[in-house]
Amino acid sequence: HDSEDKQQESPSVTCLPYNYTFQTIESSQNVSILSWNITHKDFISEYSHGTLNDLEWKYRLPRIRSKITTSNADIVCLQEIDKQSYKQDFDEYFEQKLE
């Protein structure tokens, strides 16, 4: 019976479409998490079905940054980032946005 009560107390998780903008800033009871596998830039050649705009890092990076910014997510989790260029690709970019 206790396990049933705990399940009922668990917060709900909702999967939303790619173009969704989170609206959790007005509520301390909600948190938004954007989890995204951006596909490592060195492995993108395995996806030959994409357009140049989808595959080339110089085109993809600004679109990824834009999506992160416009998502308004409280927490952003990125998979397959390049640890060699993370600081330049994401950290420095978003630090400038905060200034």
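Begin by selecting L16, which sits in the loop between helix 1 (2-9) and strand 1; bear in mind throughout that the model on screen is a predicted one. With a relative accessibility of 37%, L16 counts as partly exposed. If you then add L34 to the selection and draw a C-alpha to C-alpha distance, the two residues turn out to be 9.7 Å apart in space, although 18 residues separate L16 from L34 in sequence.

Next, select helix 3 (57-71). Helix 3 is made of 15 residues and spans 20 Å from its first C-alpha to its last, which is close to the 21 Å expected at 1.5 Å a residue. Colour W57, R60, L61, I64, R65, K67, I68 and S71 within helix 3, since these residues are buried, each having under 20% relative accessible area. Turn the view so that you look down the axis of helix 3: its buried residues fall within an arc of 160°, and they therefore line one face of the helix.

From there, step back to E56, which is placed in the loop between helix 2 (52-55) and helix 3. E56 has a relative accessibility of 36% and so counts as partly exposed, lying between the cut-offs of 20% for buried and 50% for exposed. A C-alpha to C-alpha distance from E56 to I44 gives 8.2 Å, for two residues that are twelve apart in sequence.

I44 also leads to the next stop, the second largest pocket, where I38, T39, I44, D54 and R60 are the lining residues that lie nearest the centre. The volume of this second largest pocket is about 290 Å³, and its lining comprises 14 residues. Which elements should be shown around it, as suppliers of at least two lining residues each? They are strand 1 (33-37), helix 2 and helix 3, and helix 3 gives the most, with three residues. Coloured by class, the lining of the second largest pocket shows seven nonpolar, four polar and three charged residues.

For the last stop, turn to the aromatic rings, of which the structure holds two pairs. In one of them, select Y93 and F94, and place a centroid on each ring: the centres are 4.9 Å apart and the planes stand at 85°, so this pair is edge-to-face, the cut-off for that label being an angle over 60 degrees. Y93 is partly exposed, with a relative accessible area of 22%, and F94 likewise counts as partly exposed, at 22% relative accessibility.

Conventions: Residues are numbered from 1 along each chain as its sequence is written. This is a predicted model: local features need pLDDT of at least 70, side-chain atom pairs count only at pLDDT 80 or more; totals for chains, interfaces and linings use all residues. Side-chain values use heavy atoms; hydrogens and water are left out. Helices (H or I, at least four residues) and strands (E, at least two) are DSSP runs, numbered from the N terminus. Buried means under 20% relative accessible area, exposed over 50%, partly exposed in between (1.4 Å probe, protein chains only). On a 1 Å grid over the protein atoms alone, a cavity is a set of points where a 1.4 Å probe fits but cannot get out, and a pocket is an open set with protein on both sides within 12 Å along at least five of seven lines; lining residues have an atom within 4 Å of a point. Grid points are joined across faces, edges and corners, and a volume is the space filled by probe spheres set on the points. Ala, Val, Leu, Ile, Met, Phe, Trp, Tyr, Cys and Pro count as nonpolar, Asp, Glu, Lys and Arg as charged, and the others, Gly among them, as polar. Rings of Phe, Tyr and Trp (its six-membered ring) pair if their centres lie within 6.5 Å; planes under 30 degrees apart count as stacked, over 60 as edge-to-face and the rest as tilted. The expected span of a helix is 1.5 Å times one less than its number of residues. The arc is that of the directions from the helix axis to the C-beta atoms.
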